[in-house]
Amino acid sequence: MSGERKVVCVTGASGFIASWLVKLLLQRGYVVKATVRDPNNPKKTEHLLSLEGAKERLHLFKADLLEEGSFDLVVDGCEGVFHTASPVLFSSISDPQAELIDPAVKGTLNVLRSCGKFPTIKRVVLTSSMAAVIVNGRPLTSNVVVDETWFSDPLLCQELKEWYFLSKTLAEEAAWKFAKENGIDMVTINPSYVMGPPLQPTLNLSVEMVLDLKKDVNGVAIANYTSTDVRDVASAHIQAFEVPSASGRYCLVANVTPIHEALKILKELHPSLCPPEICEHDTPSAPEFQISQEKAKSLGVSFLPLEVSLRDTVECLKEKGFLKP
């Protein structure tokens with residue numbers, strides 16, 4: 001196994017993407033030093049501690065994104081650091097600065113400052129987002145191909161009150177500036193909405209969105225669902241660390257699909273997930289812009305089909321009791 005006994009760090013390890021990342025790293029033989037906010041909270045740790053290889057090679061640490069130096073002990077001795085920890089909120093935000101922007105920006109910089117202290121670290125892989133790519137005012141028409149050269153405009157994000165998008169944009173901007181100034185080899189992974197079977201016992205927002213797609217009935221005719229399977233996202237992080245030539249940003253989007261098409265797939269899997277007014281009538285499609293997969297595929301990334309991702313998500317949600325059989 002390519003990761004045999006190499007030591008890496010995963011921040012925010014109890015999260016949706018990070019849990020799968022920890023699982024795949026352990027499968028590949030890595031020793032994983034993982035940070036969580038509260039190592040004593042079984043809801044945040046039991047699914048990690050039960051993973052194959054966890055007893056021998058998973059070590060949990062408490063770390064605070066807003067505390068400088070909090071990650072020193074964790075990244076010391078690591079060859080790679082995967083920074084996934086960042087809050088994900090799309091609504092019910094009363095204080096965007098405190099709830100999203102500070103943890104995203106200051107947290108990323110605190111992790112990078114810790115990384116800069118230890119020469120053993122060969123590469124940092126940062127979990128960014130298409131949120132830091134796509135909001136720049138350029139029209140998303142059918143002839144448009146979005147790629148890694150696109151950057152979201154912080155002023156536009158702020159004007160639109162898209163606070164999550166703003167937090168990811170500012171965090172990635174700050175990270176690139178710090179990495180270049182301090183000689184840190186950094187790669188970013190920029191996925192869209194991430195779905196797939198969750199390992200953790202609670203619902204995360206992007207999987208919950210699969211259940212909530214039917215609520216967007218009024219916008220179905222003009223909306224697309226951009227998605228990537230969590231297993232592909234976790235695998236891409238590992239590829240970004242292991243492939244020596246990996247560099248820069250990687251847009252990671254498997255599908256740009258009109259929402260009504262995704263709902264029709266969901267209807268076959270679970271009838272309650274598609275309202276009749278959508279499933280029983282032809283609905284005009286939104287213009288399907290494209291997001292380039294060229295760079296991601298050069299990294300060795302392959303993408304699971306939308307039908308497989310939705311099926312596995314729904315089956316897992318049934319097993320965990322979030323959907324009635």
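A residue counts as buried when its relative accessible area is under 20%. By that cut-off Phe165, at 15% relative accessibility, is buried. The structure described here is a predicted model. Its seven-stranded open sheet has parallel pairing, and the points below treat that sheet, the helices lying across it, and selected side-chain pairs.

**The sheet**

- The open sheet is built from seven strands in the order 3-2-1-4-5-7-10, with parallel pairing.
- Strand 3 (58–62) and strand 10 (248–252) are the edge strands; each has a single partner strand, so one side of each lacks a neighbour in the sheet.
- On average, neighbouring strands of this sheet are turned by 20° against each other, direction ignored.
- In general, the strands of a sheet pair through backbone hydrogen bonds, in a parallel or an antiparallel manner.
- Strand 2 (residues 31–36) runs parallel to strand 3 and is joined to it by five bridges. Val36 has Lys62 of strand 3 as its bridge partner.
- At the other edge, strand 7 and strand 10 are paired in the parallel sense over five bridges. Here Thr188 has Arg249 of strand 10 as its bridge partner.
- Although strand 10 stands at an edge of the sheet, four of its five residues are buried, so the strand is largely enclosed by the rest of the structure.

**Helices across the sheet**

- Helix 7 (residues 163–181) lies across strand 5 (123–127), strand 7 (186–191) and strand 10, and runs at about 165° to strand 7.
- Helix 9 (residues 230–242) lies across strand 1 (7–11), strand 4 (80–83), strand 5, strand 7 and strand 10. Its direction is at about 155° to that of strand 5.

**Aromatic pairs**

- The model contains four aromatic pairs.
- In one of these, the ring centres of Phe82 and Phe241 are 5.8 Å apart and the ring planes stand at 70°; the pair is edge-to-face because planes over 60 degrees apart are classed in that way.
- This pair links distant parts of the chain, with Phe82 in strand 4 and Phe241 in helix 9, 159 residues apart.
- Both residues are buried: Phe82 has a relative accessible area of 0%, and Phe241 has a relative accessibility of 10%.
- The rings of Tyr164 and Phe165 also form an edge-to-face pair, with centres 6.2 Å apart and planes at 85°.
- Tyr164 is buried at 11% relative accessibility, as is Phe165 at 15%.
- One aromatic cluster is formed by Tyr30, Phe82 and Phe241.

**Charges over rings**

- The charged end of Arg138 is placed over the ring of Trp150, 3.9 Å from the ring centre.
- Lys295 lies over the face of Tyr250, where the distance to the ring centre is 4.4 Å.

**Salt bridges**

- In general, side chains of opposite charge can pair when their charged atoms come close.
- The model has 11 salt bridges.
- One of them joins the side chains of Asp72 and Lys117, at 2.8 Å from N to O.
- The Asp72–Lys117 pair links distant parts of the chain: Asp72 belongs to helix 4 (residues 72–75), while Lys117 is in the loop between helix 5 and strand 5, 45 residues apart. Lys117 is partly exposed, with a relative accessible area of 47%.
- The side chains of Glu172 and Arg249 form another salt bridge, at 2.6 Å from N to O.
- Glu172 lies in helix 7 and Arg249 in strand 10, so this salt bridge ties together parts that are 77 residues apart in sequence.
- Both partners are buried: Glu172 has a relative accessible area of 2%, and Arg249 has a relative accessibility of 5%.
- Arg231 and Asp229 form a salt bridge in which the closest N and O atoms are 2.8 Å apart. Asp229 is buried at 1% relative accessibility.
- Asp229, Arg231, Arg311 and Asp312 are joined into one network by salt bridges that share partners.

**Lys106**

- Lys106 is located in helix 5 (residues 96–115) and is partly exposed, with a relative accessible area of 45%.
- Leaving aside residues up to four places away in sequence, Lys106 touches Leu65, Leu66 and Ile101.
- The C-alpha atoms of Lys106 and Gly137 are separated by 27 Å, and these residues are 31 residues apart along the chain.

Definitions and conventions:
Residues numbered from 1 in each chain as written. Predicted model: local features only at pLDDT ≥ 70, side-chain atom pairs only at ≥ 80, totals over all residues. Heavy atoms only, no water. Pairing = 2+ DSSP bridges. Helix = DSSP H or I, 4+ residues; strand = E, 2+ residues; numbered from the N terminus. Axes fitted to C-alpha atoms, helices over the stretch in contact; angles between N-to-C directions. Contact = heavy atoms within 4.5 Å. Phe/Tyr/Trp six-rings, centres within 6.5 Å; stacked < 30°, edge-to-face > 60°. Buried < 20%, exposed > 50% of the residue type's maximum accessible area, 1.4 Å probe, protein only. Lys NZ or Arg CZ within 6 Å of the ring centre and 35° of its normal. Salt bridge = Lys/Arg side-chain N within 4 Å of Asp/Glu carboxyl O.
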